[in-house]
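I opened this entry to look up how the two chains are related and what they bring to their contact. My notes follow in the order in which I checked things.

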There are 2 protein chains.
Amino acid sequence: MILVRQEIGEVLRDYRQQKGRTLRQVASRASVALGYLSEVERGQKEASSEILASVAEALDVPISTIMREVGDRISILEGVQVFPDVVPDDLVAEVGSELSFR
Amino acid sequence: MILVRQEIGEVLRDYRQQKGRTLRQVASRASVALGYLSEVERGQKEASSEILASVAEALDVPISTIMREVGDRISILEGVQVFPDVVPDDLVAEVGSELSFR
């Protein structure tokens with residue numbers, strides 16, 4: 001099952017790292033507990049809409065950009081899900097690692 | 001503040017109505033309580049990632065499509081927020097009604 005919170009978490013972490021900010025900096029600026037933000041980034045907690053708005057603002061990234069990126073990632077995952085048998089394993093691994101580490 | 005759950009709710013309701021399905025049908029197919037789905041559609045409750053996946057499946061709409069649509073709607077709202085003074089009121093009303101009723 002594709003979990004939106006997992007993709008949201010990865011997108012938030014990617015933007016934070018791209019901008020060279022620490023968890024502590026973003027959590028503080030967004031007025032969110034550090035442990036909570038860390039769990040959101042790891043896809044372990046659902047972020048409420050209010051927290052998502054605060055974190056997006058703290059990252060200086062529009063929420064629309066985050067949600068579109070989430071949609072794009074999920075569409076790749078859905079593509080892999082729709083044709084599990086015709087997609088070679090090494091390509092699945094490649095897309096997976098791109099999603100996780102880009 | 002832009003709330004993602006509000007846009008998710010409207011997108012889910014729009015797809016349900018486009019497909020001519022009742023709240024009861026979708027709730028039952030997604031194994032979600034009818035009152036809960038109704039609150040999600042009205043933006044009053046956050047849908048967990050699991051429920052979002054079930055409802056998307058019950059609607060036969062990929063989650064990626066839903067999230068991209070959410071991103072598109074929010075980007076219109078953000079545009080209106082960025083230039084509140086230069087956008088005429090009647091255009092804001094038009095975009096607003098388009099978002100709600102299309």
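I began with the relation between the copies in this predicted model, and I found that a rotation of 180° with 0.0 Å of shift along its axis superposes chain B on chain A, at an RMSD of 0.0 Å. I noted this as the relation of a two-fold axis. I then looked for the C-alpha of chain B nearest that axis, and it belongs to B:Arg68, at 2.5 Å from the axis.

Next I turned to the contact itself, which takes 21 residues from chain B and 21 residues from chain A. On the side of chain B that touches chain A, I listed the elements giving two or more residues, and these are α1 (4-18), α4 (49-59) and α5 (63-82) of chain B. Of these, α5(B) gives the most, with nine residues. Sorting that side of chain B by class, I have eleven nonpolar, five polar and five charged residues.

I also asked whether the copies use the same or different surfaces. Because 100% of the interface residues of chain B are also interface residues in chain A, I recorded that the copies meet through the same surface.

Last, I looked up the largest nonpolar core, which has 42 residues, and the members touching the most other members are A:Val55, A:Met67, A:Val70, B:Val55, B:Met67 and B:Val70. I followed B:Met67 further and, leaving out residues up to four places away in sequence, I found that B:Met67 touches A:Val4, A:Met67, A:Val70, A:Gly71 and A:Ile74.

Notes: Residues are numbered from 1 along each chain as its sequence is written. Chains are lettered from A and ligands numbered from 1 in the order in which they are written. This is a predicted model: local features need pLDDT of at least 70, side-chain atom pairs count only at pLDDT 80 or more; totals for chains, interfaces and linings use all residues. Copies are superposed by least squares on the C-alpha atoms of residues with pLDDT of at least 70 in both. Two residues are in contact if their C-beta atoms, placed from the backbone, lie within 7 Å. Helices (H or I, at least four residues) and strands (E, at least two) are DSSP runs, numbered from the N terminus. Ala, Val, Leu, Ile, Met, Phe, Trp, Tyr, Cys and Pro count as nonpolar, Asp, Glu, Lys and Arg as charged, and the others, Gly among them, as polar. A nonpolar core is a set of buried Ala, Val, Leu, Ile, Met, Phe, Trp, Tyr and Cys residues joined through C-beta atoms within 7 Å. A residue is buried if 20 or more other C-beta atoms lie within 10 Å of its own, exposed if 12 or fewer, and partly exposed in between; C-beta atoms are placed from the backbone.
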